[in-house]
Amino acid sequence: MPKAKIAPSMLSSDFSNLASEASRMLQCGADWLHMDIMDGHFVPNLTIGAPVIQSLRKHTTAYLDCHLMVTNPLDYVEPFGKAGASGFTFHVEASKDNWQELIQQIRSKGMKPGVALKPGTPVEDVYPLLDGENPVEMVLVMTVEPGFGGQKFMPEMMDKVRALRKKYPSLDIEVDGGLGPSTIDAAASAGANCIVAGSSVFGASEPAQVISLMRKSVDEVK
Ligand SMILES: O=C(CO)[C@H](O)[C@H](O)COP(=O)(O)O
Ligand SMILES: [Fe+2]
């Protein structure tokens, strides 16, 4: 299984101090910064867009792992590429008829393509995006309904992670929603290696300890 990537979700940060919150997380040992993009339509919440990514990019060289919970992901590819996004993960539910073009465009703008799936979406729906000649490089398995931080982890989603890990041993598999010290072992043993964690990291008195505990749990899985 690929190495652990711990990605604090900046959704739980103090947005008025985004650059310093980002550098605090990197100092605490974060590998990636997870950026939640919500359009108020695909999900019932509105967050940030390309201008904020562009502003943050001026302050850090870190990998910006962008999770696009938007109805028309193709419209976001060019602005996010220009803004300096590193990963561009779109939802399979929002890309039924244009995922091939999406993947190709994301790559052509220098970003790493990923696909996300909501709890109600069967894992088989992402297989075509992994089996073609231009596959995505990461699958994000939602472990809560997308839209808000601070929700409860859905352990039944681990069946999807296990199925993906069995079929794609070297794939980056990300889990997102309700991850923290009490749920990391379930996710790691199922085969997840990219771990998004918002409230558990930002709510901790020692975020570095939470990050290192989660990394250890993933990297100890054989
Ligand atoms: O995509 C998301 C919500 O749609 C967030 O990344 C996720 O909820 C992280 O927050 P927490 O760790 O608090 O659950
Ligand atoms: Fe997310």
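Two strands count as paired when DSSP finds at least two bridges between them. Keep that in mind for what follows, and remember that this is a predicted model.

1. Let's start with strand pairing around β6. Strand β6 covers residues 138-142, and strand β7 covers residues 172-176. The two pair in the parallel sense, over five bridges. One place to look is Met142, which stands opposite Asp176 in β7. To get from β6 to β7 the chain passes through helix α6 (residues 158-167), and this β-α-β crossover is right-handed.

2. β6 also has a partner in strand β5 (residues 112-117). Four bridges join β5 and β6, and these strands run parallel too. If you want to find the pairing on screen, try Gly114, whose bridge partner in β6 is Met138.

3. Which way do the side chains of β6 point? Met138, Leu140 and Met142 go one way, while Val139 and Val141 go the other. As a rule, side chains in a regular strand alternate between the two faces of the sheet. In β6 both sets are buried, and five of the strand's five residues are covered in this way.

4. Strand β1 (residues 5-8) tells a similar story. Lys5 and Ala7 sit on one side, Ile6 and Pro8 on the other, and all of them are buried. The partner of β1 is strand β8 (residues 194-197), which runs parallel to β1 and is joined to it by four bridges. Lys5 is the residue to click on here: it stands opposite Cys194 in β8.

5. Now for the annotations. An unreviewed UniProt entry gives a "binding site" feature at His34, Asp36, His67 and Asp176. These residues are spread over 143 residues of sequence, yet they cluster in space, with a largest C-alpha distance of 10.5 Å. UniProt also lists Asp36 and Asp176 under "active site", again from an unreviewed entry. That pair is spread over 141 residues of sequence, and the largest C-alpha distance is again given as 10.5 Å.

6. His34 and Asp36 are worth viewing together. His34 belongs to strand β2 (residues 32-38), and Asp36 is found in β2 as well. Is His34 buried or exposed? His34 is buried, because 29 other C-beta atoms lie within 10 Å. Asp36 counts as buried because it has 24 C-beta neighbours inside 10 Å. Sequence neighbours within four places aside, His34 is in contact with Ala7, Pro8, Ser9, Met10, Asp65, His67 and Val196. On the same terms, the contacts of Asp36 are Ser9, Leu11, Thr47, His67 and Met69.

7. His67 lies in strand β3 (residues 63-69). His67 counts as buried, because 26 C-beta neighbours fall inside 10 Å. Not counting residues up to four places away in sequence, His67 touches His34, Met35, Asp36, Ile37, Thr89, Ala116, Leu140 and Asp176. Notice that His34, Asp36 and Asp176 are among them.

8. What about Asp176? Asp176 is in β7 and is buried, because 28 other C-beta atoms lie within 10 Å. Away from its neighbours within four places in sequence, Asp176 is in contact with His67, Leu140, Met142, Thr143 and Val196. So on the contact list you again meet Met142, the residue opposite Asp176 in the β6-β7 pairing.

9. On to ligand 1. How many residues surround ligand 1? There are 22, and the closest are Ser9, Pro146, Gly149, Gly198 and Ser199. Among the elements, β2, β8 and α8 (199-202) give two or more residues to this shell. By class, the shell has seven nonpolar, 13 polar and two charged residues.

10. A further "binding site" listing in UniProt, also unreviewed, names Ser9, His67, Gly147, Phe148, Gly149, Gly150, Gly178, Gly198 and Ser199. Gly198 is a good one to inspect. Gly198 sits in the loop between β8 and α8, and counts as buried because 25 C-beta neighbours fall inside 10 Å. Neighbours within four places in sequence aside, Gly198 is in contact with Pro8, Ser9, Leu11, Ser12 and Gly149.

Definitions and conventions:
Residues are numbered from 1 along each chain as its sequence is written. Chains are lettered from A and ligands numbered from 1 in the order in which they are written. This is a predicted model: local features need pLDDT of at least 70, side-chain atom pairs count only at pLDDT 80 or more; totals for chains, interfaces and linings use all residues. UniProt positions are given in the numbering used here, feature names are shortened, and annotations may be inferred rather than shown by experiment. A residue is buried if 20 or more other C-beta atoms lie within 10 Å of its own, exposed if 12 or fewer, and partly exposed in between; C-beta atoms are placed from the backbone. Two residues are in contact if their C-beta atoms, placed from the backbone, lie within 7 Å. A crossover is right-handed if, with the strands pointing away from the viewer, the path from the first strand over the helix to the second runs clockwise. A residue is near a molecule or strand if its C-beta atom, placed from the backbone, lies within 6 Å of it. Ala, Val, Leu, Ile, Met, Phe, Trp, Tyr, Cys and Pro count as nonpolar, Asp, Glu, Lys and Arg as charged, and the others, Gly among them, as polar.
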